[in-house]
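Let's take a friendly walk through a protein model with two chains. Have the sequence and the 3D view open, and follow along at your own pace.

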Amino acid sequence: MEGFLPLQWCIVWWFIALPCLMIGLHQLKKVLAADREALPLLGVTGGFIFILSALKLPSVTGSCSHPTGTGLSTTSFGPWITSVVCAIVLLFQSLFLAHGGLSVLGANIVSMGVVGPIMGYAVYRMLRDTSVNMYLTVFLVTALADMFTYVTTSLELALAYPAETGGYFSSFILFLGIFAVTQLPLAIVEGIVLALVFKYIVVLKPDILIRLKIFSEEKINAARDDAS
Amino acid sequence: MNFRYSLEVLTITAIIAFSGIFLYTSSTGNGAEYTGSDTAGSQGIAELSGIPLENFQPLIPQWKPPSGEIESCLFALQAAAGGAMVGGVFGFWMGSQKKA
């Protein structure tokens, strides 16, 4: 929302976003140099960020919001590379759709591309080497990355606009009520859909998942046997 | 898992349930307008700060799609770009799998 974040906060969020993008670009170069076959996987996982963030879906609260689609990319490439893909999508939306804006782009990259994916990635790292089902892991990563994107948006707005009574906290709760509640059903559906997409990646291109060590070879082979 | 398509069934069920809930809540006439949560958020900001909504102007001048039609066209283009990427790669993978 261009214009709704005071200048000093725009600058703060840009300062946080830029180093993340630098790490992302650096990692991206390294991953692609090490394995050219990572590029198609980046295309699929990034493609879903393009698709899902274009869909404004109605929610039970009577307002509309869009999913983020960052779960697959977070699972496959981690939060930093995901932030680069998000930056591209958000730039497109700022320039052509008046959705977001150049001054708030930093804040939007932080919520959608950094904090959401970091939360998702934390769950992925916790569950990756356990016996928890792979698809359940992808579901949780996706749903949490989506939810925490909007929790972060609420926090960014609360920091800029503390309530007169109750300060930052009550303002945070107010924005959570607007953004996070709307998002909850969307995050769940998004998580299920991307878990299904991940199943097709497992079936079609298991070797790249194994080479990038996204999940253990045993887990991927077992899932592949189940699916065929 | 013996049944191969449990995830597919779950996905379809979730989408149908989601649409069903939407149809129900939107037809019971609870006055919901289905505006963007961004719009609701902007109103929240205006209330909290006491600054009228129309006083919030872009800090950096911004091109706005002149109408909802053009906006939805551009959103569709974005989704189409993503769809082309996904479809292209899945097709490429399927093709190379068959060759091998």
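The text below goes from the overall build of each chain to the places where they meet, and then to a few single residues.

**The two chains**

Please keep in mind that this is a predicted model. Chain A holds eight helices and two strands. If you follow chain A from the N terminus, its elements come in the order α-α-β-β-α-α-α-α-α-α. Chain B has three helices and one strand, and from the N terminus on its elements run α-β-α-α.

The table puts some overall values for the chains side by side.

| Chain | Residues | Radius of gyration | Value for a compact globule | Buried residues |
|---|---|---|---|---|
| Chain A | 228 residues | 18 Å | near 17 Å | 58% |
| Chain B | 100 residues | 22 Å | near 13 Å | 14% |

How does the radius of gyration of chain A fit with that of a compact globule? The two agree: chain A has 18 Å, and a compact globule with 228 residues would have a value near 17 Å. For chain B the picture is another one, as a compact globule of 100 residues would be near 13 Å, but chain B has 22 Å.

You can also picture each chain in a box. Along its principal axes, the C-alpha trace of chain A spans about 60 × 35 × 30 Å. The C-alpha atoms of chain B fill a box of roughly 65 × 40 × 25 Å, again along the principal axes.

What about contacts inside chain A? Take those between residues at least 6 apart in sequence: 70% of them join residues at least 24 apart.

**Where the chains meet**

How many residues of chain A are in contact with chain B? There are 52 of them, and they touch 52 residues of chain B. Several elements of chain A give two or more residues to this side, including α1 (7-34), α3 (71-96) and α5 (134-160). The element that gives the most is α6(A), with 14 residues. Sorted by class, the side of chain A that touches chain B has 36 nonpolar, eleven polar and five charged residues.

**A sheet with strands from both chains**

Now look for the strands. Three of them form an open sheet in the order β1(A)-β2(A)-β1(B), and the pairing is mixed. Which strands lie at the edges? They are β1 (57-58) of chain A and β1 of chain B, each of which pairs on one side only.

The two pairings can be traced one by one. β1(A) and β2(A) run antiparallel and are joined by two bridges. Here L57(A) has S65(A) in β2(A) as its bridge partner. On the other pairing, two bridges join β2(A) to strand β1 (residues 35-36) of chain B, and these strands run parallel. In that pair, S63(A) has T35(B) in β1(B) as its bridge partner.

**Two helices that cross**

Two packed helices are described by the angle between their axes and the distance between the axes. For α1(A) and α3(A), the axes come within 8 Å and cross at roughly 105°. Angles of 65 to 115 degrees count as roughly perpendicular, and therefore α1(A) and α3(A) are roughly perpendicular to each other.

Which residues meet there? Among them are C20(A), L21(A), L25(A) and V31(A) in α1(A), and F77(A), W80(A), I81(A) and A87(A) in α3(A). The residues of this contact divide into eleven nonpolar, three polar and no charged.

**Three residues to find**

Most residues other than glycine have a negative phi. A98(A) has a positive phi of about 50° although it is not a glycine. Find A98(A) in the loop between α3 and α4 (105-128) of chain A. Is A98(A) buried, exposed or partly exposed? A98(A) is partly exposed, with 17 other C-beta atoms within 10 Å.

K213(A) is not a glycine either, and its phi has a positive value near 55°. K213(A) sits in the loop between α7 (206-211) and α8 of chain A. With 9 C-beta neighbours inside 10 Å, K213(A) counts as exposed.

Finally, go to L159(A) in helix α5 of chain A. L159(A) is partly exposed, having 17 other C-beta atoms within 10 Å. Leaving aside neighbours within four places in sequence, L159(A) is in contact with W9(A) and Y168(A). L159(A) and L5(A) are 154 residues apart along the chain, and their C-alpha atoms are separated by 9.9 Å.

Conventions. Residues are numbered from 1 along each chain as its sequence is written. Chains are lettered from A and ligands numbered from 1 in the order in which they are written. This is a predicted model: local features need pLDDT of at least 70, side-chain atom pairs count only at pLDDT 80 or more; totals for chains, interfaces and linings use all residues. Two residues are in contact if their C-beta atoms, placed from the backbone, lie within 7 Å. Helices (H or I, at least four residues) and strands (E, at least two) are DSSP runs, numbered from the N terminus. Ala, Val, Leu, Ile, Met, Phe, Trp, Tyr, Cys and Pro count as nonpolar, Asp, Glu, Lys and Arg as charged, and the others, Gly among them, as polar. Two strands pair if DSSP finds at least two bridges between them. The radius of gyration is taken over C-alpha atoms; the globule rule is 2.2 Å times the number of residues to the power 0.38. A residue is buried if 20 or more other C-beta atoms lie within 10 Å of its own, exposed if 12 or fewer, and partly exposed in between; C-beta atoms are placed from the backbone. Axes are lines fitted to C-alpha atoms, for helices over the stretch in contact, and angles run from 0 to 180 degrees between N-to-C directions. Angles under 35 degrees count as roughly parallel, over 145 as roughly antiparallel, 65 to 115 as roughly perpendicular and the rest as oblique.
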